[in-house]
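Here is a friendly walk through how some everyday structural labels are earned. Please have a look at the model first, and then we can take the labels one at a time.

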Amino acid sequence: MELFARPLFLLYALPAIAGALVLFWLGGKLKRRAERILFSSQAYAKLTADLRPQTKWRTALMVLAVFFLFVALAGPQWGTEIIEVQGSFAQTVIAVDVSASMRAQDVKPDRLDSAKTMLRMLISNLKDERIGLIAFTSKAFIQCPITTDEDALRYFITSLHPNMLPVPGTSLAEPVKLAAHMLAKYPGQKALILLTDGEDHSPEEIAAAKEAAQKSGIRIIAIGIGTKEGTLIPDKMDAAGNVLEYKKDKQGNTVVSKLDEDALLALAQATGGAYIPYTSPAQVSAKVEDSLRDLDKTHSALSKHAAYKTRYQWPLVIALLCLSGYLLWPRGKRTRKEQKR
């Protein structure tokens with residue numbers, strides 16, 4: 001336990017008290033000098049015979065007032081109290097496609113690594129967002145629950161990789177439905193950032209996904225990554241990153257993966273969101289930030305922690321009492337009762 005929150009102020013008290021004493025000494029010296037110039041010693045004694053004598057107690061009160069003032073500034077503390085940190089945050093879920101097609105290298109170094117670079121940049125700028133992370137193929141799974149912990153989000157974004165999930169294929173409806181479930185307890189307008197090449201093996205489920213997003217007040221910001229011309233999907237690579245073999249379908253034909261914008265545009269338009277074609281991490285991050293600016297925020301507690309109670313009031317009261325004593329100390333002529341003593 002630290003007895004003072006700002007102990008440096010105790011050191012400042014020493015020169016402050018020394019300065020006050022020097023001022024008192026200089027004032028007394030100047031006063032005596034003026035007395036010698038203006039009056040003889042006998043005349044001055046007669047003039048001040050009925051006045052109260054100067055006392056060191058009054059000076060001591062001023063010194064004590066200065067001392068306890070600095071003690072109050074130092075922030076004495078003892079005992080503990082629970083401090084609750086609160087904030088207002090909008091709610092957003094990020095869903096990232098981790099299917100095999102995200103290995104395609106029509107966006108360098110590949111689609112998924114480009115997406116991860118953009119997301120790391122994005123979460124660094126979203127200070128007023130509570131964010132969750134979903135990874136999906138034909139099924140969607142929560143990678144990080146909705147949180148304000150940027151380090152946790154960075155860790156889970158970095159850990160994303162193609163085929164990390166045990167189910168192949170791609171379904172855009174699955175992450176939308178899971179995001180609706182994650183965001184259901186939050187009121188107002190929320191957002192889902194859907195980052196994918198748009199290929200969908202379950203297009204018949206899109207209508208249900210739109211309805212789920214609309215009911216939950218979710219605005220879908222769809223980011224299409226890839227090119228319309230498409231490219232081959234690396235299937236096997238060596239340690240140096242060179243492609244040894246490209247992905248083939250069940251008939252043995254080499255698979256070409258192309259960006260499919262139609263479903264992404266439909267989801268974005270149906271929910272009042274936006275479709276953003278991937279260009280560069282900085283450009284896409286800035287556009288996503290603009291799309292999230294007017295989301296509704298909720299006020300909630302972030303954390304609770306124990307802290308020492310500040311007790312500055314006690315020395316401050318003592319300082320004020322000493323200062324009051326200094327200012328109210330009797331001066332002027334002595335009463336008859338005092339003169340008889």
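Q: Why is Glu-150 called partly exposed?
A: The relative accessibility of Glu-150 is 23%. Buried means under 20% relative accessible area, exposed means over 50%, and partly exposed is in between, with a 1.4 Å probe and protein chains only. Glu-150 therefore counts as partly exposed at 23%. Please keep in mind that this is a predicted model, where local features need pLDDT of at least 70 and side-chain atom pairs count only at pLDDT 80 or more, while totals for chains, interfaces and linings use all residues. Residues are numbered from 1 along each chain as its sequence is written, and side-chain values use heavy atoms, with hydrogens and water left out.

Q: What makes Lys-127 and Glu-150 a salt bridge?
A: A salt bridge is a side-chain nitrogen of Lys or Arg within 4 Å of a carboxyl oxygen of Asp or Glu. For Lys-127 and Glu-150 the closest N and O atoms are 3.1 Å apart, so the pair meets that rule. Lys-127 sits in the loop between H4 and strand S2 (129-136) and Glu-150 in helix H5 (residues 150-158), so the bridge ties together parts 23 residues apart in sequence. Helices (H or I, at least four residues) and strands (E, at least two) are DSSP runs, numbered from the N terminus. Lys-127 itself counts as exposed, because its relative accessibility is 52%.

Q: Which residue of helix H5 also forms a salt bridge with Glu-150?
A: That residue is Arg-154, with the closest N and O atoms 3.3 Å apart. Both residues lie in helix H5, 4 residues apart, which is about one turn of the helix. Arg-154 counts as partly exposed, because its relative accessibility is 27%. By the same rule, the count comes to 11 salt bridges.

Q: How do you know that Asp-290 forms a salt bridge with Arg-293?
A: The closest N and O atoms of Asp-290 and Arg-293 are 3.0 Å apart, so the pair is within the 4 Å limit. Asp-290 is partly exposed because its relative accessible area is 48%, and Arg-293 is exposed because its own value is 59%. Elsewhere, salt bridges that share partners join Asp-106, Arg-111 and Asp-197 into one network.

Q: What is the nearest side chain of opposite charge to Glu-289, and how far away is it?
A: It is Arg-293, 4.7 Å away. Lys and Arg count as positive and Asp and Glu as negative, while His and the chain ends are not counted. Since 4.7 Å does not fall within 4 Å, Glu-289 has no salt bridge, and yet it is buried. Glu-289 is found in helix H9 (residues 281-292). Not counting residues up to four places away in sequence, Glu-289 touches Leu-122, Asn-125 and Leu-126, where contact means heavy atoms within 4.5 Å.

Q: Why is Leu-194 called buried?
A: Its relative accessible area is 0%, so Leu-194 falls under the 20% limit. Leu-194 lies in strand S4 (residues 190-196). Among the residues that Leu-194 touches are Ala-95, Phe-136, Pro-175 and Ile-221. Leu-194 and Val-176 are 18 residues apart in sequence and 8.3 Å apart in space, C-alpha to C-alpha.

Q: What makes helix H6 mostly covered?
A: In H6 (residues 173-183), 9 of its 11 residues are buried. They include Glu-174, Val-176, Leu-178 and Met-182.

Q: Why does Leu-14 count as exposed?
A: Its relative accessibility is 58%, so Leu-14 passes the mark of over 50%. Leu-14 lies in helix H1 and belongs to a nonpolar surface patch with Leu-8, Leu-11 and Tyr-12. Patches are made of residues with over 30% relative accessible area and no salt bridge: like charges are joined within 9 Å, and nonpolar side chains (Val, Leu, Ile, Met, Phe, Trp, Tyr) within 5 Å.

Q: Why does Lys-31 count as partly exposed?
A: Its relative accessibility is 38%, so Lys-31 lies between the 20% and 50% limits. Lys-31 is in helix H1 (residues 8-38) and gathers with Lys-29, Arg-32, Arg-33 and Arg-36 in a patch of positive charge on the surface. The place of a charge is taken as NZ of Lys, CZ of Arg, CG of Asp or CD of Glu.

Terms used:
Accessible areas come from the Shrake-Rupley method with a 1.4 Å probe; for residues, only the protein chains shown count as cover.
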